[in-house]
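This report introduces one protein chain to a reader who has not seen it before. Please look through the sequence and the structure before reading on.

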Amino acid sequence: MDRASLLLLSISIFLDLTAADKIPDKLDLAAESGMIFPLSYSSLPPRVEDFRRRLHQSQLPNAHMKLYDDLLANGYYTTRLLIGTPPQEFALIVDTGSTVTYVPCSTCKHCGKHQDPKFQPELSSTYESVKCNPDCNCDDDGKLCIYERRYAEMSSSSGILSEDLISFGNESQLSPQRAVFGCENAETGDLFSQRADGILGLGRGKLSIVDQLVDKGVIEDSFSLCYGGMEVGGGAMVLGKISPPPAGMVFARSDPFRSPYYNIDLKQMHVAGKSLKLNPKVFNGKHGTVLDSGTTYAYFPKEAFNAIKDAVIKEIPSLKRIHGPDPNYDDICFSGAGRDVAEIHNFFPEIAMEFGNHQKLILSPENYLFRHTKVRGAYCLGIFPDRDSTTLLGGIVVRNTLVTYDRENDKLGFLKTNCSDLWRRLASPPDSPAPTLPVTQNKSSNNISPSPGPASSKSPAVDLPGVFRIGVITFEVSISVNNASMKPNFSEIADFIAHELEIQSSQVRLLSITTRGNEYRLKWGIYPPQSSEYISNNTALNIMSLLKENKLRLPGQFGSYKLLEWKAEQKRKQSWWEKHLLGVVGGVMISLLVTSVMVKLALVWRRRQEEEATYEPVSAAVKEQELQPLSSSETSNA
């Protein structure tokens, strides 16, 4: 997606033609802070275990939903929502800046090609269109309620309002509920070209999915989002209240009437512990400081942006300033920080956001940097100057941060945690043992392989080190198709595998194919992203957990599926000589070659100088020499 599309579903001006949604009943808001949960691979820390119990102790049920995709690779996060009876599944962008949930319908004449088939109302026994009434805008015939949304980057969605049964997945405690959503008849711009099917509106307004569930009394007036870290993707969402809030979560107050968006009272910025001494009014222009899940990066008023940029540059004198990956944008990038994302905190400073109550949200480098896509070991600022006076905080700012939108108390809470692993914690029953990853380790071959059959108490459980380097994960699957003449679409299977494992499609490679009748035996390899040498810890852990527990699932359209075996190969960290041996040898060879050429040139030059010194033309005058007298002996002989 281009830079403009990264503002998709952002907070700017949109045209709201639905009367029922023009004046939100409630305005809620904001806060922030930070405490880091250490990631343990054999058990959950006590505080995390306590946090998991709190989710299950809420008076009303919660909907626990998994997040997919990656913030920078896709420009958004999606979740899966099921609509209708029987349910039809859709991948919807999670957007706190939108109030309407909508999907393309089978009647749509101008809708793009998306991840899933269009919604077919005629196949749902519980579907109803919303009839024209005084609380909505009606179509030209005066029969049906309609909606229209226009966004800052000039994309739009329009259609009719409909009502059907909405389900939140098998892991949710919340039973299916009837809700109003948009049935798209037309879409333009990025909404037309994006892979995701539609939008899950989490903003404030009567048509918001949160407001509808709260009005029905089935959840409390709160929800939480948790985005995965740099190059990890995925995460979790909770519709409902986390009660009481996890220890260490800091809240900041917000003015619910300041703007119709989720804004926070940002007062000051600090870089490397030093205050930038900005006038607090700089963060209070137009819509104030807004947190928007539909925006990718962070945008500050020019004065604040320049101060942050200059302070960061001052703290990294050892890094080299380089051009960005896209010549169309003047990105601020630096090389020399190394390829290991886990080590970038050794090069880049922390940034702190201070709120009106003097509490601070600490931003680690992954919360304001993105990896350079063309230069290894290089990173770019994910902070940009805003065109107007609004401070807009996109998803990059809250990577690996649990954000609770406490709408009931008009505040937001922030807690640093491992969002990619949070889904496994939420999916576990409250009184069940903490999830583990039992594996057997072959030290001689640096391979991690699953124990045969389901894990048992006798299976050795290895507590993986805090940092491990997985170079490739391979697994073999057997797919049996119903019709021997129909060959599976391997590229489509690769896309589904990438989606299930929450990685990029380019990381999935088909290594070998063996066929026998209707059965295909496929060997797949999962490799690091192009800009990395190994798969990140969180991603590797998630993939190994899914394979170990045999939770990788492919759609039935590919036939019956069976996982045969898998293994993960650790990549040993190379020494300096191993990494640079070829370069050193090449340098020595080039030096010897250059020296040899220089010596030969010197010898040739010297020989030519000698020849020029002894050469005399034929016509040159010869100096006469005086005859020497004969010696006495010679005279006597004569």
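Does Glu 408 count as buried, partly exposed or exposed? Glu 408 counts as partly exposed, because its relative accessibility is 47%.

## The chain as a whole

The model is a predicted one. The chain contains 10 helices and 34 strands. Of its 638 residues, 52% are buried. The accessible surface of the chain is about 30500 Å², and carbon and sulfur atoms hold 53% of that area.

Among contacts with a separation of 6 or more, 72% are between residues 24 or more positions apart.

## The loop with Glu 408

Glu 408 forms a salt bridge with Lys 241, and the closest N and O atoms are 4.0 Å apart. The pair links distant parts of the chain, with the two positions 167 residues apart. Glu 408 sits in the loop between β27 (401–406) and β28 (411–416), while Lys 241 belongs to the loop between β12 (235–239) and β13.

The loop between β27 and β28 also holds Asp 410. Asp 410 is not a glycine, but its phi is positive, at about 55°.

A further pair to look at is Pro 256 and Asn 409. Their C-alpha atoms are separated by 9.8 Å, although the two residues are 153 residues apart along the chain. Pro 256 lies in the loop between β13 (250–253) and β14 (263–264). Pro 256 counts as buried because its relative accessibility is 9%, and buried means under 20%.

## Other salt bridges

Side chains of opposite charge can pair when their charged atoms come close. The count for this model comes to 13 salt bridges. One of them joins the side chains of Glu 163 and Arg 178, at 3.6 Å from N to O. This pair also links distant parts of the chain: Glu 163 is in strand β8 (residues 156–167) and Arg 178 is in strand β9 (residues 177–188), 15 residues apart. Glu 163 has a relative accessible area of 24% and is therefore partly exposed. Arg 178, at 25% relative accessibility, also counts as partly exposed.

Asp 310 and Lys 309 meet through their side chains in a salt bridge of 3.9 Å, N to O. Asp 310 is partly exposed, because its relative accessible area is 46%. Elsewhere, Arg 80, Glu 89 and Asp 116 are joined into one network by salt bridges that share partners.

## Two open sheets

Strands of a sheet pair through backbone hydrogen bonds, either parallel or antiparallel. In one open sheet, 4 strands follow the order β19-β20-β24-β23 with antiparallel pairing. Its edge strands, β19 (320–322) and β23 (369–371), each pair on one side only. From one strand to the next, the twist averages 35°. Within this sheet, β20 (residues 333–335) and β24 (residues 378–381) run antiparallel and are joined by 3 bridges. Cys 333 has Cys 380 in β24 as its bridge partner.

Another open sheet has 4 strands in the order β16-β15-β21-β22, and the pairing is again antiparallel. Here β16 (274–275) and β22 (360–363) are the edge strands, each pairing on one side only. Strand β21 (residues 351–355) pairs with β22 over 4 bridges in the antiparallel sense. The bridge partner of Ile 351 in β22 is Leu 363. In the loop between β21 and β22 lies His 358. Its phi is near 70°, a positive value in a residue other than glycine. His 358 counts as exposed because its relative accessibility is 62%.

## A cis peptide bond

Which form does the peptide bond from Thr 85 to Pro 86 take? This bond is cis, with omega near -5°. Pro 86 is located in the loop between β2 (78–83) and β3 (88–95).

## A nonpolar surface patch

A nonpolar patch on the surface is formed by Ile 590, Leu 593, Val 594, Val 597, Met 598 and Leu 601. Together these residues have about 590 Å² of accessible area. Ile 590 is part of helix α9 (residues 576–614). With a relative accessibility of 54%, Ile 590 counts as exposed, because exposed means over 50%.

Terms used: Residues numbered from 1 in each chain as written. Predicted model: local features only at pLDDT ≥ 70, side-chain atom pairs only at ≥ 80, totals over all residues. Heavy atoms only, no water. Pairing = 2+ DSSP bridges. Axes fitted to C-alpha atoms, helices over the stretch in contact; angles between N-to-C directions. Patch = residues over 30% accessible without salt bridge, like charges linked within 9 Å, V, L, I, M, F, W, Y side chains within 5 Å. Areas by Shrake-Rupley, 256 points an atom, 1.4 Å probe, with all protein chains shown as cover. Buried < 20%, exposed > 50% of the residue type's maximum accessible area, 1.4 Å probe, protein only. Contact = heavy atoms within 4.5 Å.
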